[in-house]
Amino acid sequence: MAPGASAPGGSAPGAGPRTEIAASWRRTAARGLDPGADPQVALLTESELERRRADSALAPLVPQLLASLVSVVDAGQMVVVADTDGRVLWRHGKAGVRREADHLGFVGGSAWTEGNVGTNAIGTALVLGEPVHIQGAEHYLDSHTRWGCAAAPLLDPWTGRTLGVVDISGPSRSLHPAELAIVQMAARLAVLEIRDQHAARHERLRSVAAPMIARMDGHALVVDRSGHVVAASGTTPPTRISLPDAMSVGTIWLPDLGVATAEVLPGGWLLRLQDHDGGEPATDLVVDLSGRTPQLRVTGPSGSWQQALTPRHAEILVSLLRAEHGRTPAELAADLFADTTRIVTVRAEMSRLRKVLGALLEGRPYRLADGVRALLMLPEDPTTVLPGSSAPVVVALAQEHPGS
């Protein structure tokens, strides 16, 4: 917030917000949101909302989440489950709190990212990747200051991807700070359920793969659908490899392993490696932000490979592609969070991204490897790039390339 400027969200001028709240206000202000305005966010159609609910990996977890938070609902709060776009998929609460939420536009299919509605628990938890409690005047928009919320991301421990957010919301006067701990506990229970499901599938695949791999003489890997290595023959494998989104039977190319022949197994894949000397160096990398889902395409001498990017990884790659000499952890923290102190978060995200890019990504500073030709593809109207993102680097990109 600029020196002398009034605090948003009804806070008194000169008030000292928490560090994470001040950073969120800076990100939101850079998006050009007016604290006094009512955000205009297009809702999902009913058919699209139902499709997202049906396709969501969170759907099986909703009954458990509601059961673990029944006391919150009984106390007059609302439980909300949102996807990674900040879209409200499920709401559960008594009629009174639902009516108040309706007045805020906090309804099924609405988008509650920082880029859409400013500082709020769902959007800020998605940005920071950690539980957040937002009380009253800590919201950026004046219209939300009578509201309180606590939210925690739901992380898939097997893939490292964020699946969505569980949120407790209600009138600020009745939301107790202890409800942050309650929503964290609900999220942990859900994550344990996800872990148990993955572990059971992993063991079933291992029991199928073990006798098969024991009879092989060549170089081969058995991996689950997420790329975790279950068994190997003739090679010392990594614990996990990145698989293309469009995995299919036949010859494929993997950036870190080279050419392989893929055979389908129940719950995974058998990969017979043709090039076990570390693969061939990739030469072209495309970060495609022109569609609804960010995509990464890598091309090397023997083929190409494509995988969807998480919004956070897309933001990081935007930063790296814009920086001629790479970015330090503090510089990346400024690009992503408007907060140079979030170095630990940056390093954790870079560790996850390195599992996708492998040797294409170097450190000290973070940058793409020498010899990699990189291209950033933007939508026809660049102001719509990564909608909902409040990362300063994305905001700057949109401002540098305004739509026609």
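**Entry 1: the β6 neighbourhood**

I started in the middle of a sheet, where V222 stands opposite L270 in β10. This is a predicted model, so I read everything below as such. The strands β6 and β10 are antiparallel, and I found five bridges in their pairing. On the other pairing I looked up, β6 meets β7 in the antiparallel sense over four bridges. There V223 is placed opposite V229 of β7. The link between β6 and β7 is a hairpin with four residues in between, and G227 in that turn has a positive phi of about 90°.

Next I checked the side chains of β6. A220, V222 and D224 point one way, L221 and V223 the other way, and all are buried. I was glad to see the general pattern here: side chains in a regular strand alternate between the two faces of the sheet. Is β6 enclosed or open to the outside? Five of the five residues of β6 are buried, so the strand is largely enclosed by the rest of the structure.

**Entry 2: the sheet around β6, and helix α8**

I then wrote down the whole sheet. It is open, has five strands in the order β7-β6-β10-β9-β8, and its pairing is antiparallel. Its edges are β7 (229-233) and β8 (250-254), each of which pairs on one side only. From one strand to the next the twist averages 30°. At the β8 edge, five bridges join β8 to β9 (residues 258-265), and the two run antiparallel. In that pairing G250 stands opposite A262 of β9.

What lies across this sheet? I found helix α8 (residues 179-214) lying across β6, β7, β9 and β10, and running at about 5° to β7. I picked out E203, which sits in helix α8. E203 is partly exposed, at a relative accessible area of 46%. I also took one long distance from here: the C-alpha atoms of E203 and V287 are 35 Å apart, with the two positions 84 residues apart along the chain.

**Entry 3: the other five-stranded sheet**

I looked up another open sheet of five strands, ordered β2-β1-β5-β4-β3 with antiparallel pairing. The edge strands are β2 (88-92) and β3 (132-135), each pairing on one side only. Here the twist averages 20° from strand to strand. β3 pairs with β4 (residues 147-155) in the antiparallel sense, over four bridges. One bridge I noted by residue puts Q135 with G148 of β4.

**Entry 4: nonpolar cores**

Which residues have the most contacts inside the largest nonpolar core? They are F106, L271, L296 and M350, in a core of 76 residues. Helix α7 (residues 121-128) gives the most to this core, with six residues. A second, separate core has 25 residues, L65, L69, L154 and I168 among them.

I followed L296 further. Beyond its neighbours within four places in sequence, L296 is in contact with residues including L285, V287, W305, L309, L317, V356 and L357. Q306 and Q307 are also on that list.

**Entry 5: α10 against α11**

My last stop was a helix pair. α10 (residues 329-337) and α11 (residues 343-357) pack at about 95°, with their axes 9 Å apart. That angle makes α10 roughly perpendicular to α11. From α10 the contact uses P329, A330, L332, A333, L336 and F337, and from α11 it uses I343, T345, V346, R347 and M350. By type, I counted nine nonpolar residues in this contact, one polar and one charged. M350 was already in my notes as one of the residues with the most contacts inside the largest core.

Methods:
Residues are numbered from 1 along each chain as its sequence is written. This is a predicted model: local features need pLDDT of at least 70, side-chain atom pairs count only at pLDDT 80 or more; totals for chains, interfaces and linings use all residues. Side-chain values use heavy atoms; hydrogens and water are left out. Axes are lines fitted to C-alpha atoms, for helices over the stretch in contact, and angles run from 0 to 180 degrees between N-to-C directions. Angles under 35 degrees count as roughly parallel, over 145 as roughly antiparallel, 65 to 115 as roughly perpendicular and the rest as oblique. Contact means heavy atoms within 4.5 Å. Ala, Val, Leu, Ile, Met, Phe, Trp, Tyr, Cys and Pro count as nonpolar, Asp, Glu, Lys and Arg as charged, and the others, Gly among them, as polar. A nonpolar core is a set of buried Ala, Val, Leu, Ile, Met, Phe, Trp, Tyr and Cys residues joined through side-chain atoms within 4.5 Å. Buried means under 20% relative accessible area, exposed over 50%, partly exposed in between (1.4 Å probe, protein chains only). Two strands pair if DSSP finds at least two bridges between them.
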